[in-house]
Amino acid sequence: MKNIGPAKDLKKRILQAIYTDSPVFLVLDQARTVQIRSIVLLNERLSKELGVTCTDVEDGTTVILHLPYVADSVATALILRPKMEGE
């Protein structure tokens, strides 16, 4: 998903959640409460960004947030749904 909000605001919310060890509420393809699993600093095409991998606490969907460090940048998300039996 493209443009899920200002990267600066989401980085702030993610860091607060890490500090307080609490889940994060996001509205992406649907309203989701996610638990942060990992954070990495990505350096793709010389554009540094924070990669945050989260898991939806309801259905186990993986949400990967890309939060660039460029001024006035927007965040993006990749949503990976778990395969259900029979798929």
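Student: Okay, buried means under 20% relative accessible area, exposed means over 50%, and partly exposed is in between. Where does Asp 29 fall, then?

Tutor: Asp 29 has a relative accessible area of 32%, so it is partly exposed. Keep in mind that this is a predicted model.

Student: Which residue forms a salt bridge with Asp 29?

Tutor: Arg 32 does. The closest N and O atoms of that pair are 2.9 Å apart.

Student: And Arg 32, buried or exposed?

Tutor: Buried. Its relative accessibility is 1%, so Arg 32 falls under the 20% limit. Arg 32 lies in strand β2.

Student: What else does Arg 32 form a salt bridge with?

Tutor: Asp 56 is one partner, with the closest N and O atoms 2.7 Å apart. Asp 56 sits in strand β3 and Arg 32 in strand β2, so this pair ties together parts that are 24 residues apart in sequence. Asp 56 is buried, like Arg 32. Asp 59 is another partner, at 3.7 Å between the closest N and O atoms.

Student: Where is Asp 59?

Tutor: In the loop between β3 and β4. Because Arg 32 is in strand β2, that salt bridge ties together parts 27 residues apart in sequence. Asp 59 counts as partly exposed, at 38% relative accessibility.

Student: Which residues make up the whole network?

Tutor: Asp 29, Arg 32, Asp 56, Asp 59 and Arg 81. Salt bridges that share partners join them. A search of the whole structure finds four salt bridges.

Student: What else does Arg 32 touch, beyond its close sequence neighbours?

Tutor: Leaving aside residues within four places in sequence, its contacts include Val 24, Phe 25, Leu 26, Thr 61, Val 63 and Ile 79.

Student: Next door, then. What about Thr 33?

Tutor: Thr 33 is also found in strand β2. At 28% relative accessibility, Thr 33 counts as partly exposed. With neighbours within four places left out, Thr 33 is in contact with Pro 23, Val 24, Phe 25, Thr 55, Asp 56 and Val 57.

Student: Switching topic. Which residues touch the most other members of the largest nonpolar core?

Tutor: Val 52, Leu 65 and Leu 67. That core has 18 residues.

Student: Which element gives the most to it?

Tutor: Helix α1, with four residues. Other elements that give two or more include β2, β3 and β4.

Student: What does Leu 67 touch?

Tutor: Not counting residues up to four places away in sequence, Leu 67 touches Ala 7, Leu 10, Lys 11, Ile 14, Glu 49, Leu 50, Val 52 and Ala 75.

Student: And on the surface, which residues make a nonpolar patch?

Tutor: Leu 15, Ile 18 and Ile 39 make one of about 250 Å². Ile 39 is found in strand β2. Its relative accessibility is 34%, so Ile 39 counts as partly exposed.

Student: Last thing, backbone angles. What is phi of Asn 3?

Tutor: Near 50°, a positive value in a residue other than glycine. Most residues other than glycine have a negative phi. Asn 3 lies in the segment before α1. Asn 3 counts as exposed, at 51% relative accessibility.

Student: And what about phi of Asp 72?

Tutor: Asp 72 has a positive phi of about 60°, although it is not a glycine. Asp 72 is found in the loop between β4 and β5. At 82% relative accessibility, Asp 72 counts as exposed.

Methods
Residues are numbered from 1 along each chain as its sequence is written. This is a predicted model: local features need pLDDT of at least 70, side-chain atom pairs count only at pLDDT 80 or more; totals for chains, interfaces and linings use all residues. Side-chain values use heavy atoms; hydrogens and water are left out. A nonpolar core is a set of buried Ala, Val, Leu, Ile, Met, Phe, Trp, Tyr and Cys residues joined through side-chain atoms within 4.5 Å. Buried means under 20% relative accessible area, exposed over 50%, partly exposed in between (1.4 Å probe, protein chains only). Contact means heavy atoms within 4.5 Å. Patches are made of residues with over 30% relative accessible area and no salt bridge: like charges are joined within 9 Å, nonpolar side chains (Val, Leu, Ile, Met, Phe, Trp, Tyr) within 5 Å. Accessible areas come from the Shrake-Rupley method with a 1.4 Å probe; for residues, only the protein chains shown count as cover. A salt bridge is a side-chain nitrogen of Lys or Arg within 4 Å of a carboxyl oxygen of Asp or Glu.
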